[in-house]
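Colleague: I would like to go through this model with you, one question at a time. Please end each reply on the name or value I ask for.

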Amino acid sequence: MANRLSIIATRTGDDGSTGLGDGSRTPKDAPRIASLGDVDELNSIIGVLLTESIPDDVAADLAIVQHDLFDIGAELCIPGHTALQDHQVRHLDTRLSHYNATLPPLREFILPGGTRAAAHAHHARTVCRRAERSVIHLARDTTVNAPLRQYLNRLSDLMFILARYLNAAQGRSDVYWNSKHSRST
């Protein structure tokens, strides 16, 4: 990072624009900024999840994810820059397999919930899907590194699996959707 901020209230964005990492300015509602904001929000929600009492392996994996999300932010902030690598996507694939192997097969749809930590993981999953949609929208007009898109896709899957894993770690079952309940009203 060439220039670290020492003054946060610069007032340069009062006109509705914001600065990118390459020094250029763009509207605050541009697809690139929407993508950056969604990834930032995802990172914040994962930070909230990390305040919960969660297994050490989950906490360690989420800490790595937070750093990877900063790499994604760097790519989005600096047009043409590549920070996220294929090995980071492969790491998510490995962790998905690890956690999924500990869970019973899923035979029903589940609702977000169970434990507080699992609910936060579900929330992170939905924000991750939004971030992925934002990045895909951005990719219509500019080149986006393939591992970046792949990472967000895998991460939303990981957050779903982690929600189930966190429920199991606390001795809670998943909250199953009851289709009969929704039709009885």
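Colleague: Which residues of α3 are exposed, on the other side of the helix from its buried ones?

Modeller: The model is predicted. In α3, the buried residues are Q88, V89, L92, R95, L96 and Y99. They cover an arc of only 120° around the axis, so they sit on the same side of α3. On the other side of α3, the exposed residues are R90 and S97.

Colleague: What covers the buried residues of α3?

Modeller: The residues to be covered are Q88, V89, L92, R95, L96 and Y99, which are buried in α3. Their cover includes α2 and α5.

Colleague: What distance does α3 reach from its first C-alpha to its last?

Modeller: α3 has 15 residues, and 1.5 Å a residue is the rise used for the expected value of 21 Å. The reach in the model is close to that expectation, at 21 Å.

Colleague: Which residue of helix α5 forms a salt bridge with D93?

Modeller: D93 belongs to helix α3 (residues 86–100), and its partner to helix α5 (residues 146–169), 61 residues apart, so that the pair links distant parts of the chain. D93 is partly exposed at 28% relative accessibility, and the partner is also partly exposed, with a relative accessible area of 24%. The N to O distance is 2.7 Å, and the partner is R154.

Colleague: How far apart are the closest N and O atoms of E41 and R130?

Modeller: A salt bridge requires a side-chain nitrogen of Lys or Arg within 4 Å of a carboxyl oxygen of Asp or Glu. E41 and R130 form such a bridge, and their closest N and O atoms are separated by 2.9 Å.

Colleague: How many residues apart in sequence are the parts that this pair ties together?

Modeller: E41 lies in helix α1 (residues 31–49) and R130 in helix α4 (residues 116–139). E41 is partly exposed, with a relative accessible area of 31%, and R130 is partly exposed at 28%. Because the two residues lie in these two helices, the pair ties together parts whose separation in sequence is 89 residues.

Colleague: Which residues do salt bridges with shared partners join into one network?

Modeller: E41 forms a salt bridge with R130. Salt bridges that share partners join these two and one further residue into one network: E41, R130 and D38.

Colleague: Where is E52, which meets R116 in a salt bridge?

Modeller: The side chains of E52 and R116 meet at 2.7 Å, N to O. R116 is in helix α4, 64 residues from E52, and R116 is exposed, with a relative accessible area of 58%. E52 itself is in the loop between α1 and α2 (56–77).

Colleague: How many salt bridges does the count come to?

Modeller: The pairs discussed include E41 with R130, E52 with R116 and D93 with R154. By the 4 Å rule, the count comes to eight.

Colleague: What covers the buried residues of α1?

Modeller: α1 has 19 residues and reaches 27 Å from its first C-alpha to its last, close to the 27 Å expected. Its buried residues include I33, V39, L42, I45, I46 and L49, and also R32 and D38. Their cover includes β1 (17–19), β2 (25–27), α2, α4 and α5.

Colleague: Which residues make the nonpolar surface patch of about 390 Å²?

Modeller: A patch takes residues with over 30% relative accessible area and no salt bridge. V175, found in strand β4 (residues 175–176), is partly exposed with a relative accessible area of 32%. The patch is made by V175 together with F109, L111 and W177.

Colleague: What separates the C-alpha atoms of T143 and P79?

Modeller: T143 is found in the loop between α4 and α5, and counts as exposed at 76% relative accessibility. T143 and P79 are 64 residues apart along the chain, and their C-alpha atoms are separated by 8.7 Å.

Colleague: What share of the protein's residues is buried?

Modeller: The protein has six helices and four strands, in the pattern β-β-α-α-α-β-α-α-β-α along the sequence. A residue counts as buried under 20% relative accessible area. Of the 185 residues, the buried share is 38%.

Technical notes: Residues are numbered from 1 along each chain as its sequence is written. This is a predicted model: local features need pLDDT of at least 70, side-chain atom pairs count only at pLDDT 80 or more; totals for chains, interfaces and linings use all residues. Side-chain values use heavy atoms; hydrogens and water are left out. Patches are made of residues with over 30% relative accessible area and no salt bridge: like charges are joined within 9 Å, nonpolar side chains (Val, Leu, Ile, Met, Phe, Trp, Tyr) within 5 Å. Accessible areas come from the Shrake-Rupley method with a 1.4 Å probe; for residues, only the protein chains shown count as cover. Buried means under 20% relative accessible area, exposed over 50%, partly exposed in between (1.4 Å probe, protein chains only). The expected span of a helix is 1.5 Å times one less than its number of residues. The arc is that of the directions from the helix axis to the C-beta atoms. Contact means heavy atoms within 4.5 Å.
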